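Colleague: Please take a close look at a single part of this model and describe how it is built and what packs around it. A connected account would serve me better than a list.

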Amino acid sequence: MKFSVKHLVSVSAIAAVAVVGLSGCSSNTAAKQKSDTLTVVFLPSDSTKEQEPVRNALSKLIHKATGKQVKLQTTTDYNVAIEAMASGKAQIGLMGPDSYVEARRQNGKVAPLVTYSGASGTLRDAHYFSYLMVPKNQVAAYQQDGKYSLTKLKGKSISFVAATSTSGFAVPAGAIAKENNVKVTALQKGGDFFNKVLYGQSHPGSAVNLFNGDADVAAFDDIDLVKYGSFTNDKTKAGADFKVSADAPAPLDRARGKESVALAAYPVQNEPLAVNSSAVNKADQDKIVKALTSKSTTDNQLFFSKPGAKKAGLFTQTGKVHFIHVTDKWYAPTHKVLGH
């Protein structure tokens, strides 16, 4: 499915409010790094114990490329990672597109270094998917005239990822708001449109809320969930069926064998490895980009694992997927969705 601006713009009218309410404002002047140290911050989904080998591999790559010591900062809150990048407390971050855009809004010196390409090896298909999922045995309750309907969500309980997650809140909440003619702010807490609203704080966490029965519907993406299972049919559209594998690790180990079906699927631009350019010199930025886009990195299964691999890497190696240099200009569609 080819990525286009209209896919994101279709939910732009109200999705922008997803970032409203973030507390605090960072200075436009980032804190300067220690001359011999770089700190890399990770969002909650990449801060899990299971992702430790990936974090260590990225640390070694950056150290080898720059000669600098590398410190890793894990988080349990999206806002912590955003603030760290905007303030310069962390100089490099593996960010979601929404988190990156918000960090750049707070400090224009935050910029992308690389993202990962699509299967074509280009930016043409460099996107992943955001879903609104329900348990497979409950899917009939969300159909109208033979089609899935988001109007059936009123009065239900939902799990989002975090209010600053693109695929775990901004895009799906914007779609729900548009379909039901309500404001996104009405979807952020229970008692208005939804009976109950939960936040999983990570994509697997949101899926756990669904499979445990704590939420009727959940928002999560494919790239963070394929480590725990697989899609049994076309994952690019409504009706996508996700099944938790028989040997899924925590936190989905108690949901093994369970299935969910997508009421809707939305393409989202691939995430960047971002840098606070006022805290990392241009020479080091160029070295990191060169190292990440090298063949040895593309072939490293800690970064790009083969489909079905027992130990999933950071991304799945399908087709010609590899890291590719980008600038902020490429993220114009996400800026537009979020009103930045």
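Modeller: I begin with one pair of residues: Lys 243 has Glu 259 of strand 13 as its bridge partner. The model is a predicted one, and every value below is computed from it. The bridge belongs to the pairing of strand 12 (residues 241-244) with strand 13 (residues 259-269), an antiparallel arrangement that extends over 3 bridges. Both strands are members of an open sheet of 7 strands, ordered 9-8-10-5-13-12-11, with mixed pairing. At its edges are strand 9 (196-199) and strand 11 (229-231), each of which pairs on one side only. From one strand to the next, the twist of this sheet averages 30 degrees.

Two helices lie across these strands. Helix 6 crosses strand 5 (127-135), strand 8 (157-160), strand 9, strand 10 (217-221) and strand 13, and its direction is at about 100 degrees to strand 13. Helix 7 (residues 203-211) lies across strand 5, strand 8, strand 9, strand 10, strand 12 and strand 13, running at about 155 degrees to strand 10. Within helix 6, which covers residues 166-180, one finds Ala 170. Because its relative accessibility is 1%, Ala 170 counts as buried. Its C-alpha atom is 8.5 Å from that of Val 337, although 167 residues separate the two in sequence.

That pair may be set against the chain as a whole. The protein chain comprises 10 helices and 17 strands, and buried residues account for 57% of its 340 residues. Of the contacts between residues at least 6 apart in sequence, 72% join residues at least 24 apart.

I turn now to the second sheet, to which the rest of this account is devoted. Here 6 strands form an open sheet in the order 2-1-3-14-4-17, again with mixed pairing. Strand 2 and strand 17 (323-325) are the edge strands, pairing on one side only. The average twist between successive strands is 25 degrees. Helix 3 packs on this sheet, where it touches strand 1, strand 2, strand 3 and strand 14, and its direction makes about 155 degrees with that of strand 2.

Strand 14 deserves attention within this sheet. It pairs with strand 3 in the antiparallel sense over 3 bridges, and Leu 94 stands opposite its Leu 273. Strand 4 (residues 110-116) is likewise antiparallel to strand 14, the two being joined by 4 bridges; here Pro 112 has Ala 274 as its bridge partner. Leu 273 and Val 275 point one way from strand 14, whereas Ala 274 and Asn 276 point the other way; all of these residues are buried.

Helix 3 itself can be checked against its expected length. At 1.5 Å a residue, its 15 residues (52-66) should span 21 Å, and because the C-alpha atoms at its ends are 21 Å apart, the model agrees with that expectation. Its buried residues are Val 54, Arg 55, Ala 57, Leu 58, Ser 59, Leu 61, Ile 62 and Thr 66. On the spacing of such positions, an α-helix has 3.6 residues a turn, so residues three or four places apart point the same way. The cover over the buried residues of helix 3 includes strand 1 (37-42), strand 2 (69-73), strand 3 (92-94) and strand 14 (273-276), together with helix 8 (282-292) and helix 9 (295-298). Just after helix 3, Gly 67 adopts a positive phi of about 80 degrees.

Helix 8 completes the picture. It lies across strand 3, strand 4, strand 14 and strand 17, at about 15 degrees to strand 4. Its axis and that of helix 3 come within 9 Å of each other, crossing at roughly 125 degrees. Helix 3 is therefore oblique to helix 8. The crossing of helix 3 past helix 8 is right-handed. On the helix 3 side, Leu 58, Leu 61, Ile 62, Ala 65 and Thr 66 make the contact; helix 8 contributes Asp 284, Lys 287, Ile 288, Ala 291 and Leu 292. Of the helix 3 residues named there, Leu 58, Leu 61, Ile 62 and Thr 66 are among the buried ones.

Conventions: Residues are numbered from 1 along each chain as its sequence is written. This is a predicted model: local features need pLDDT of at least 70, side-chain atom pairs count only at pLDDT 80 or more; totals for chains, interfaces and linings use all residues. Side-chain values use heavy atoms; hydrogens and water are left out. The expected span of a helix is 1.5 Å times one less than its number of residues. Buried means under 20% relative accessible area, exposed over 50%, partly exposed in between (1.4 Å probe, protein chains only). Contact means heavy atoms within 4.5 Å. Two strands pair if DSSP finds at least two bridges between them. Axes are lines fitted to C-alpha atoms, for helices over the stretch in contact, and angles run from 0 to 180 degrees between N-to-C directions. Angles under 35 degrees count as roughly parallel, over 145 as roughly antiparallel, 65 to 115 as roughly perpendicular and the rest as oblique. A crossing is left-handed if the near helix is turned anticlockwise from the far one by less than a right angle, and right-handed if clockwise.
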